[in-house]
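Trainee: Could you take one helix of this model and go through it closely, following its contacts outward into the parts that surround it? I would like a single connected account.

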Amino acid sequence: MSNRLVLHPLSARDSLPDLGPLRARLLGVGLIGDMQDDGTHLAGPRIMELITFLGCMPYLPMEPRDDGGDYAFIRLSGPYRRARLLAGRNTVRPRCPHCNGVIGDWQPIKLAWESIAEWTCPKCGEASDASEIRWRENGGVGRVLIEIGGVHPSEAVPSDELRGLLKDVSGFDWGWFYVQD
Ligand SMILES: [Zn+2]
C-alpha cells in the first residue's frame with residue numbers, strides 16, 4: 001500500500017510552464033535529494049522540518065525498502081494540460097461544486113477522468129467542470145503535483161515555510177490532500 005501527502009495548486013487551472021525552477025528550489029531548500037532511476041527523488045535533509053507531523057513522531061523510512069513498502073520519496077509531475085485526478089482507497093464522499101451533494105459513486109469519474117470535461121450532477125442536474133468537484137482532503141486534482149511518500153492521511157501538513165516557498169516560486173496558492181492506494 002502506498003500513502004502519500006500531495007501538494008497541488010489550489011486552483012485546478014493554475015500550472016507552471018515546466019518543473020525546472022520548482023525542482024531547483026525544492027532541492028535548494030532541502031525537501032528533495034538525489035533523483036532515482038524512476039524519476040522520483042529521495043527525501044532531502046530538511047524534509048522533517050518542511051512537513052509538520054501532527055501527532056507523535058512517525059516511523060518514516062527514508063530509503064527504498066526491500067519489501068517494497070512505503071518510504072519518503074518525492075515525485076514531481078506535470079505540467080498536465082488539464083488537471084490530473086488522484087483518488088484512492090481513502091477517497092470518500094466527494095461533493096458537487098454546485099449543490100454540495102455527496103457523490104456516492106465516484107469511481108466512474110476516476111475511470112473516465114481523461115475523457116470527462118464536464119460532469120453532470122445526478123442530484124441538482126447542473127453541469128460542472130469536472131476538475132471543480134470537491135474532493136476535500138481525500139483526493140484532489142492538479143496540473144502540477146508534488147507527492148510525498150510514506151505519509152498517512154491527515155498525519156502531516158506542509159509547513160508555513162514550504163507553502164511560502166511554493167507560492168513564491170509559482171505565484172499562486174497551494175493546498176494539499178492525501179492519497180492511499
Ligand atoms: Zn449538484
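Mentor: In this predicted model, the buried residues of helix 4, which spans residues 160-170, are Leu162, Leu165 and Leu166. Viewed down the helix axis, these buried residues fall within an arc of 100°, so they line one face of helix 4. The face turned away from that buried side carries exposed residues, namely Asp160, Gly164 and Asp168. Just after the helix comes Gly171, whose phi is positive, near 90°.

The buried residues of helix 4 pack against strand 1 (3-9), helix 1 (20-29), helix 2 (47-50), strand 4 (51-53), strand 11 (156-158) and strand 12 (174-180). As a general matter, nonpolar side chains in soluble globular proteins tend to be buried together. Here the largest nonpolar core has 39 residues, and those touching the most other members are Leu5, Val6, Leu31, Ile51, Ile74 and Ile148. The elements that give two or more residues to this core are strand 1, helix 1, helix 2, strand 5 (73-77), strand 6 (84-87), strand 10 (145-149), helix 4 and strand 12, and strand 12 gives the most, with five residues. This core also draws at least three residues from each of domain 1 (3-83 + 136-180) and domain 2 (92-134).

From strand 1, against which helix 4 packs, the path leads on to strand 10, since strand 1 and strand 10 run antiparallel and are joined by four bridges. Within that pairing, Ile148 of strand 10 is the bridge partner of Leu5. Strand 10 also pairs with strand 5 in the antiparallel sense, again over four bridges, and there Ile74 stands opposite Ile148. Strand 10 is mostly covered, with four of its five residues buried. Val6, another of the core residues touching the most other members, has contacts beyond its neighbours within four places in sequence that include Leu86, Gly140, Leu145, Ile146, Trp176 and Phe177.

Leu86 leads to strand 6, where Arg84 and Leu86 point one way, Leu85 and Ala87 point the other way, and all are buried. Strand 6 is joined by four bridges to strand 9 (residues 139-142), the two running antiparallel, and Gly139 in strand 9 is the bridge partner of Ala87.

The loops that adjoin these strands deserve a careful look at the backbone. Most residues other than glycine have a negative phi, and most peptide bonds are trans. In the loop between strand 5 and strand 6 lies Pro79, and the peptide bond that joins Gly78 and Pro79 is cis, with omega about -5°. Arg136, in the loop between strand 8 (127-129) and strand 9, has a positive phi near 50°, and Arg136 is exposed, with 12 other C-beta atoms within 10 Å. Asn100, in the loop between strand 6 and helix 3 (107-111), likewise has a positive phi, near 65°, and counts as exposed because it has 11 C-beta neighbours inside 10 Å.

Finally, the division of the protein places helix 4 in a wider frame: the assigned domains are domain 1 (3-83 + 136-180) and domain 2 (92-134), with their centres, taken over C-alpha atoms, separated by 25 Å. Six residues from domain 1 and five residues from domain 2 make the contact, and on the side of domain 1 that touches domain 2 the residues divide into three nonpolar, two polar and one charged.

Note on methods. Residues numbered from 1 in each chain as written. Predicted model: local features only at pLDDT ≥ 70, side-chain atom pairs only at ≥ 80, totals over all residues. Buried ≥ 20, exposed ≤ 12 C-beta atoms within 10 Å, placed from the backbone. Arc of directions from axis to C-beta. Contact = placed C-beta atoms within 7 Å. Domains from an automatic or database assignment. Nonpolar A, V, L, I, M, F, W, Y, C, P; charged D, E, K, R; others polar. Core = buried A, V, L, I, M, F, W, Y, C linked by C-beta atoms within 7 Å. Pairing = 2+ DSSP bridges.
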